[in-house]
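Here are a few notes to read alongside the coordinates. I have kept to helices, empty spaces and a couple of single residues, in that spirit of one colleague to another.

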Amino acid sequence: MNSKTNVLGIDSVLDLTKAAVVAALYIVLTMVFAAVSYGPVQFRFSEGLNNLVVFNKRYIVAITLACFITNIMSPNGAIDMVVGTFETLINLVTIYLVTKHMKSLVAKLVASVLIGTFYMFIIGFEIAIIGHAAFWPTFWGTYLTAGIGEFVTMTIGAVVVYLINMRYDLAK
């Protein structure tokens, strides 16, 4: 159930708690798998949590904040805190807007995975800008590898979220 009274989707202490737990989980997953969570070839398993946005918009704020916090530790420095967090925010808002009127959960999750993969071009630009090599080959190489990583991790996340939702209503 999406909040009708609050633009952030957080109307109660329970909503805030759920958002905080997801943010903490995102941070823990990123840090546990830190070796593969940053850079041009990345499998940030915490990105699978992006699929939660199809259930409730409160996760936009939670995951965006968690991404900012994890990017503090990024080897790419402050640019990753800004660009990486911006990419996450744009990605999550797009997922929410595209899926909010869809009826099929499977269709929502497929859209979420595809949107998340698409927006990795922003990370491709980030790495190409800070890299010390030719811009376009670096961009396309990074977009390809980061996009594959995003596709894999979001697909795994979509399956996990789907299975959890069969037992617990994640929209609540």
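1. Let me start with the lining of the largest cavity, whose residues divide into six nonpolar, seven polar and six charged. Please keep in mind throughout that this is a predicted model. The space in this largest cavity comes to about 140 Å³, and the count of cavities of 30 Å³ or more is one.

2. Which residues lie nearest the centre of the largest cavity? They are Q42, R44, D80, G84 and I123, out of 19 lining residues. As for helices, α2, α3 (78-99) and α5 (120-130) each supply at least two residues of the lining. Two of the central residues, D80 and G84, are also among the buried residues of α3, and I123 is one of the buried residues of α5.

3. The largest pocket is worth a look next. About 400 Å³ of space lies in it. It is lined by 17 residues, and those closest to its centre are L25, L49, L52, V161 and I164. By class, its lining has 13 nonpolar, three polar and one charged residues.

4. Which helix gives the most to the lining of the largest pocket? That is α6, with six residues. Both α1 and α6 (135-167) supply at least two residues each.

5. On to helix α1, which covers residues 13-32. With 20 residues at 1.5 Å a residue, α1 should span 28 Å, and its end C-alpha atoms are indeed 28 Å apart, so the expected and modelled spans agree. Its buried residues are D15, A19, V22, A23, Y26 and T30. These residues cover an arc of only 100° around the axis, which means that they sit on the same side of α1. The general background is familiar: an α-helix has 3.6 residues a turn, so residues three or four places apart point the same way.

6. What does the buried side of α1 pack against? The partner of its buried residues is α2 (58-71). On the other side of α1, V13, L14, V21 and V32 are exposed.

7. Helix α3 can be checked in the same manner. Its 22 residues should span 32 Å at 1.5 Å a residue, and the end C-alpha atoms are 31 Å apart, which agrees. The buried residues of α3 are D80, G84, T85, E87, T88, N91, L92, T94, I95, Y96 and T99. They pack against α2, α4 (105-118), α5 and α6.

8. M81 also belongs to helix α3. Setting aside residues up to four places away in sequence, M81 touches F68, N71 and I72. Along the chain, M81 and T99 are 18 residues apart, with 27 Å between their C-alpha atoms.

9. In α5, the buried residues are M120, I122, I123, G124, E126, I127 and A128. These buried residues pack against α3, α4 and α6. The pairing with α3 shows up from the other helix as well, since α5 is listed among the partners of the buried α3 residues.

10. Finally, where is V41 found? V41 is in the loop between α1 and α2. V41 and G147 are separated by 106 residues in sequence, yet their C-alpha atoms are 8.9 Å apart in space. Leaving aside neighbours within four places in sequence, V41 is in contact with V36 and T145.

Notes
Residues numbered from 1 in each chain as written. Predicted model: local features only at pLDDT ≥ 70, side-chain atom pairs only at ≥ 80, totals over all residues. Heavy atoms only, no water. Helix = DSSP H or I, 4+ residues; strand = E, 2+ residues; numbered from the N terminus. Expected span 1.5 Å × (residues − 1). Buried < 20%, exposed > 50% of the residue type's maximum accessible area, 1.4 Å probe, protein only. Arc of directions from axis to C-beta. Contact = heavy atoms within 4.5 Å. 1 Å grid on protein atoms, 1.4 Å probe; cavity = no way out; pocket = protein on both sides within 12 Å on 5 of 7 lines; lining within 4 Å. Points joined across faces, edges and corners; volume = space filled by probe spheres on them. Nonpolar A, V, L, I, M, F, W, Y, C, P; charged D, E, K, R; others polar.
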